[in-house]
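Visitor: Could you walk me through this structure and tell me how each label is earned?
Guide: Gladly, let us take the terms one at a time.

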Amino acid sequence: MSLTPEILGVWVSAFLTLAIFSFLYKDNPVYKFAEHVFVGVSAGYLLILTYSDTLAPNLVQPLIKAAQHAGLPAAQEVDPQAWTGWFRLGALALGILMLMRLSPKWGWVSRWPLAFLIGTYAALRMTGLAQADLVMQVNATMVPLFGKDLPRFHWQDPSILNNWVLVIGVFSVLIYFFFSLEQKGPLKHAAFIGTFFLMVAFGSSFGYTVLARISLLIGRVQDLYEFAERRTGYASIVCAVVVILFLVAWELRNRRKGSPETE
Amino acid sequence: MLRDKAPVWITFIVGAFMVSKFFLNVPQVTKVAGELEQWCLIIVGISIVLGVVNILRVNLKVVANRGRDWGYKLALIVSMLGMTAVGIVELIVRKSIAGESVFQYLYRNVYTPLSATMFSLLAFFIASAAFRAFRARNFRAAVLLVAGAIVMIGRVPLGATIHPILPKLADWIMAYPNAAGQRGMVIGAALGVVATGLRVIFGIERPYLRGN
Amino acid sequence: MKTSGRARLTKAADALWHSRPRLCWDPSLGAQGRSRGRLCDKFTLRRHRRGRLCRSLILFGVLSVFSLSRTPSACAGEARAQAENEATPAAAAVETKASFFKTENKSVLVAIGVFACVFFGFLVQSKRGKSFYLRKIAGIAAIEEAVGRATEMGRPVVYVPGINEIEDIQTLASMAVLGHVSRMVADYDSSIIVPTRSPIVLSVCEETVKQSFAAAGRPDAYRPDNIRYLSGEQFAYTAGVDGIIMRERPAANIYLGGFFAESLILAETGFSSGAIQVAGTASIPQLPFFITACDYTLIAEEFYAASAYLSRDPKVISAIKTSDCLKVGILAALIVGLVLASFPRINPLWLAVFQGWF
Amino acid sequence: MFLRLPVKLKYAPDEKTRGVYDAVESLEPGTIVYISADYGPSTRAELLPMHEAIVYHALKRDLRIVSAALWPDGPPLIDLVFGKIKAELAEEGIQKEYGADFVNLGYKAGNDVTIVKIGSSIPETFPVDYNKTPLASLPLMQGVKNFDQIGLLVDISAGWPGVREWLQQAQQRFKIRLVAGVTAVMAPDLYAFFQSKQIEGFLGGLAGAAEYEYLLGRLEGRAMAGMNVQSIAHFVILGFILFGNVLYYRQWRRSRLER
């Protein structure tokens, strides 16, 4: 085995994976180190990617282009729309105001860009949700409850029974979320059915989540299994031994000190 | 005035304009709204930078004062600056961070395993939660458990192998009772969002005015 | 700059600013679960109310005129085209492009417009002193109970405001509740720890808690160290909160806001620490974990309603009342729609027209 | 491999998986598909298999793919999938080229706003691609202005921003067909939207990916390998729940007897 960058990468991956898994024993220095490296690397990654993929093409480039075109005589102009790049100065100004948050004295000016963001997001969410989650969902609940066009029951397709379940569910859950009327009499029964539907929804959500979480663990184990090949010098196995030895040594040192470690 | 009233007006004007864009078919409105959307992308981008700078600031303080766990914080700062430096060099030299590069190498071999493993720890938490928390304490919890168990069995191929009705039943639960419950919540939440959106746009509620 | 336009603008801005709550509340009345407010400074209020009503009426009035300017026959024609298996999508597209108003969005306008009108109606009513009934929600009463228990045990309350940014509506709702919770904590002479994930949320939390302690008359009891910025990274933040729960042994954990995968870890750690746990979120996939591991959980809309319950602020209560009214409207519309859809004798065109308008 | 089970497992692709498959099948060759990769390495075990399967299916059917991400950690995964599928198709004798058959536009900050912006103008939102090539010089992007030129929207989504945001901001607003591949955590939410036909189909978690691989006939896919262990793990968790409840029941009975 020769140490190529690829093999080195496998070793680093295997070590970091096992360092995080060492948390399963307890919070320990190896895990803490890996966790802090993770926070650092993800922050650096985010910074670079935000600049290179968002700020550079959408802010810096249009401004540069506009500045270049302003200096050129009209005949040489390639892009007649380049001057519109100057509009981005507004965004730049608001962005700089946002950065003022770092200053204790001028922090309040960051309220302006924040107000701008909140206004835009509130408007978009309001209209988007009213359309997709309110109007469309209510419309889709207007299903036939009688009639000979539909079968009485089908496992997947719309059927009379399924439509009744759907309609009763939506009605009862909506009634459950009534706040200005006391839940008694028929309302109480409806709200009880509503909780039943909610619990079925949460239960199935839970069942699905188990699927998700186990899949991720399987993915990691599959990777570790691949890292343990001969080609890579049995990276996973060696790293596992190192991490375990470290944990044992750390635990012994703590015991000898006589003080139960604080965290 | 500038501190308190200006933000409320900015929210109102921008919000009302974006709402009207949704309903109007005027090219000028669409164009201005398009530019404002660009601004939003850029401001969000810059505020991401702000968050990162804040991490740096908080941790540098700890390291400078030799506070608790300062060694780890130093590792954090070093890895953050290292990643940033690599990215800057790539951007200057190659004009791009895509393709085969040191930046992508670090993404693949440091960021990917850390991030994926962090998330996979959840599997153990769900196992311990299954043992300790998921108990049929009352009728509601019992319904939750039974529905969850049926879906868990029905969603994996072993369930279909045991009995072909299991995946069908799981799917029926998902497609009708679950969808009905979800839809009730979705409609309710949409009403909540419309209410909050209106309150924010009309300046009745302005929590962003608190703090610096 | 001293033009009349500017003066008008200043006046309007003044109006908006002065429309902040100007009501005196008697806490002993509020404790009965009903809000009975008394008005101060009626004159100013009326002026601002007029200003806000004007603004909303102008916006929605103008838009409604455009929406209604289309003749019913054109609507029916559109519906027919829809009903006939969308035979002429191209024609419909041309028609849409030509009109000044995006007709396909008219139902959204109706929904938002009705909401706004009802909302402002209730707002006016509540400002005239009318009080609205709200039913009891166990989870909200539990928040008070949890703070009380923390005081008895002499241990802190941990308040986790979710991991979203401030522009998220769930975080906004959580900030409103934090104001009331920290006020309770200050009144009971207990302490509150707020770990945050975002620097902006941090400063909003700081200010909120500080104001509550000041309002309770104990500004000196406010401890800035207890409002903490942990980390911007999801799991580093989670590990930090876990550390606080394990070390400080809080008597109560309150999780209100937007949550993602960390909900399971937080709820599970809190469960094993034995604290009273109250959670509330509109992040639906995370609700099962809160429901099983917490003592009380505010589900989706209940969470949005929490701040109204705790504040008894007429503006917020009006919003809840409005969404209740709209729910009745939705149920009524659903019944009409279901009848139209269920009986084959009824022309399917009617359903299409009805759906197009709702 | 140790991930194999002795039992032959049965796959029962359901309507949602079929919805995704049929949506891709229904497109004319040459149509442009927009794939948004809104996930990162944290959920890659669940989502990468379905991402691969959908890209494989689309390229094999001679569709063209425009891909971008709302999550910063998405673009490298897009490159990874394109690279892998390109090699796989080359083995089958089908040549696909970057720029002509598929492009990676990279990451864009802004969440909901970005979705609206992409829908109204792709070149304004993405002046350059992930490699910093101007869009005008990519043959695939000629004539692509907005969602009017896109035949199908595919969202591979792990949370926020993700498929719910695409539903709210793009599907109705731009009247575009939408299918999704989501983590199993998000799947239960989508059933209501599937019933209302706002979304034509979706793949829920590793199980959905395995079903899709089964429909495609890619029997050596990564998802199907994972599903075997998944089956056992589910039963282990069920065992935990049962055991916990038995203990709880005994405790409850004892406390009642004492009283």
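**How the labels are earned**

Visitor: What makes β7 and β8 of chain C a pair?
Guide: This is a predicted model. Strand β7(C), residues 276–281, is joined to β8(C) by 4 bridges, and the two run parallel. Pairing requires at least two bridges, so they count as paired. As for a single residue, C:Thr281 has C:Ile299 of β8(C) as its bridge partner.

Visitor: Which strands belong to the open sheet, and in what order?
Guide: The sheet has 6 strands in chain C, ordered β5-β4-β3-β6-β7-β8, with parallel pairing.

Visitor: Why are β5 and β8 of chain C called edge strands?
Guide: Because β5 (227–229) and β8 (296–299) of chain C each pair on one side only. Neighbouring strands of this sheet are turned against each other by 15° on average, with direction ignored.

Visitor: How do you know which strands α7 of chain C touches?
Guide: A contact needs C-beta atoms within 7 Å. Helix α7(C), residues 138–153, touches β3 (157–160), β6 (252–256), β7 and β8 of chain C, and packs on the sheet. The direction of α7(C) makes about 140° with that of β7(C).

Visitor: How many residues do chains A and B bring to their contact?
Guide: Chain B gives 98 residues and chain A gives 98 residues. Several helices of chain B each supply at least two residues to its side, among them α1 (5–23), α2 (27–64) and α3 (70–94). The largest share, 25 residues, comes from α8(B).

Visitor: What is the make-up of chain B's side by class?
Guide: The side of chain B that touches chain A has 68 nonpolar, 21 polar and 9 charged residues.

Conventions:
Residues are numbered from 1 along each chain as its sequence is written. Chains are lettered from A and ligands numbered from 1 in the order in which they are written. This is a predicted model: local features need pLDDT of at least 70, side-chain atom pairs count only at pLDDT 80 or more; totals for chains, interfaces and linings use all residues. Axes are lines fitted to C-alpha atoms, for helices over the stretch in contact, and angles run from 0 to 180 degrees between N-to-C directions. Two residues are in contact if their C-beta atoms, placed from the backbone, lie within 7 Å. Ala, Val, Leu, Ile, Met, Phe, Trp, Tyr, Cys and Pro count as nonpolar, Asp, Glu, Lys and Arg as charged, and the others, Gly among them, as polar.
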